[in-house]
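Here are my quick notes on this one, as promised. Have a look at the model first, then read on.

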Amino acid sequence: MATWVARIVGTTRYKNVHSISCMVQSCDYSTEPRIIKNPTITSLQRGTGGRSSFNGIVCTIFGCSSFVGQSLAIRLGSIGTQLILPHRCDHYHVRELKVGGDLGQVFFHPFDLKDEESLIKVMKYSNVVINLIGTVYETSNYSFSDVHVDGARRIARIAKKCNVDRFIHMSCLNASENPTPMILSEPSKLLRTKWQGELAVKEEFPEATIIRPSVIYGRKDNFFIHYLNERRMGANYNLPLWNKGEKTEKQPVSIHDVISGITAIVTNPDTAGKTYQFVGPNRYTLRRLVEWMMEHSFKYDHFKSNVVDMRYKPFFMLKVSIWEYLYAVHPIVDLLWEVLEFHHTTDKIDPSLPTLEDLGIIPRTMESRMEWEMLPYLRGKATVTEYHRLDPPKIDTVPK
């Protein structure tokens with residue numbers, strides 16, 4: 001006993017902490033250690049967290065140039081995720097995403113949705129794959145089925161072949177096997193193929209996580225820009241809606257909540273195999289939303305815009321049919337029948353499916369975000385600012 005005490009005193013005297021740790025062993029070891037599925041260098045975390053660390057996730061994001069994809073890449077890069085960003089567009093359109101991660105952590109690679117070799121190249125080193133690819137119009141090369149069904153099935157199948165741990169697929173809220181038509185005479189191809197894409201992904205990758213978001217709003221979105229574009233409006237800036245938008249109810253969700261939800265799914269393995277609904281906390285009629293947008297947009301302007309019934313605007317309906325042919329070569333505004341059908345479809349919530357709250361995320365209200373999100377769409381703001389600059393100064397006494 002005396003010898004043991006003397007040894008400890010001597011060790012403390014020379015501050016030999018390693019000797020103490022060898023002599024006095026702690027009992028706080030886990031009886032169930034974490035087993036790494038793929039014991040490679042990509043599975044080991046490095047750093048203390050944050051952008052300059054590596055959290056052990058190598059993520060491939062298909063659709064990185066989209067509205068959701070750009071914000072998602074920046075968010076995942078900020079928590080130490082290594083990103084592989086396949087793209088079909090010119091590389092100048094995605095180069096800003098390079099600064100989303102630290103030096104050497106963001107990689108770009110061209111790909112083609114029908115070329116399996118290019119898909120293998122961008123997934124063979126990843127342990128997480130996110131598919132955000134979608135389209136709102138058909139071309140001679142890619143139909144709705146080619147993108148939403150065959151493309152999603154191909155990505156999921158190759159991800160399984162490459163031993164990817166997690167696969168996350170973005171669908172939409174009102175996807176249905178037989179959607180009820182609102183404006184169109186037939187069920188929406190967009191919503192039907194989105195539903196078929198979910199089934200295809202589940203067949204190829206049963207552990208895939210499906211996300212069904214409602215309309216997503218935010219800076220540079222496809223919601224505010226659609227309704228506040230001058231080409232979307234009719235004569236005298238009146239905005240046509242089917243049944244004045246009174247029979248359509250929406251629960252828009254903020255882009256920040258969507259990105260937080262996807263990040264939570266990526267970092268939580270318990271979400272595998274589940275389907276999540278991403279919706280906002282409040283429900284509005286489409287007419288209320290559109291009038292709200294116009295109130296903010298025209299608040300510095302004396303002009304007032306009104307909502308009118310699209311059913312009694314034959315010239316506007318003719319304009320939509322014309323834009324169906326012009327959009328492929330001149331995509332200024334997505335004034336397309338499938339887009340109008342999607343916007344006029346009432347959001348249907350399945351109470352049996354988890355939502356953002358189940359991921360620990362409290363959705364933001366649209367009232368708290370509207371003032372900020374509408375700043376780029378204000379009309380007449382520069383004119384009001386210049387007018388105030390011309391106000392004469394207040395002078396109490398005028399010299400003679």
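1. Among contacts (heavy atoms within 4.5 Å) between residues at least 6 apart in sequence, 75% join residues at least 24 apart. Bear in mind that this is a predicted model, where local features need pLDDT of at least 70, side-chain atom pairs count only at pLDDT 80 or more, and totals for chains, interfaces and linings use all residues. Numbering runs from 1 along each chain as its sequence is written, and side-chain values use heavy atoms, with hydrogens and water left out.

2. Of the 400 residues in the chain, 46% are buried (under 20% relative accessible area, against over 50% for exposed and partly exposed in between; 1.4 Å probe, protein chains only).

3. Now to α10, residues 314–326 (helices are DSSP runs of H or I, at least four residues, and strands are E runs of at least two, numbered from the N terminus). Phe316, Val320 and Trp323 are its buried residues. Seen down the helix axis they fall within an arc of 65° (taken from the directions from the axis to the C-beta atoms), so they line one face of α10. Pro314, Phe315 and Tyr325 are exposed on the face turned away from that buried side. The cover over the buried residues includes β8 (239–241) and α11 (337–343).

4. Ser126 is worth a look too. This residue lies in the loop between α4 (116–123) and β4 (128–131), and its relative accessible area is 6%, so Ser126 counts as buried. Leaving out residues up to four places away in sequence, Ser126 touches Val58, Cys59, Thr60, Ile84 and Val164.
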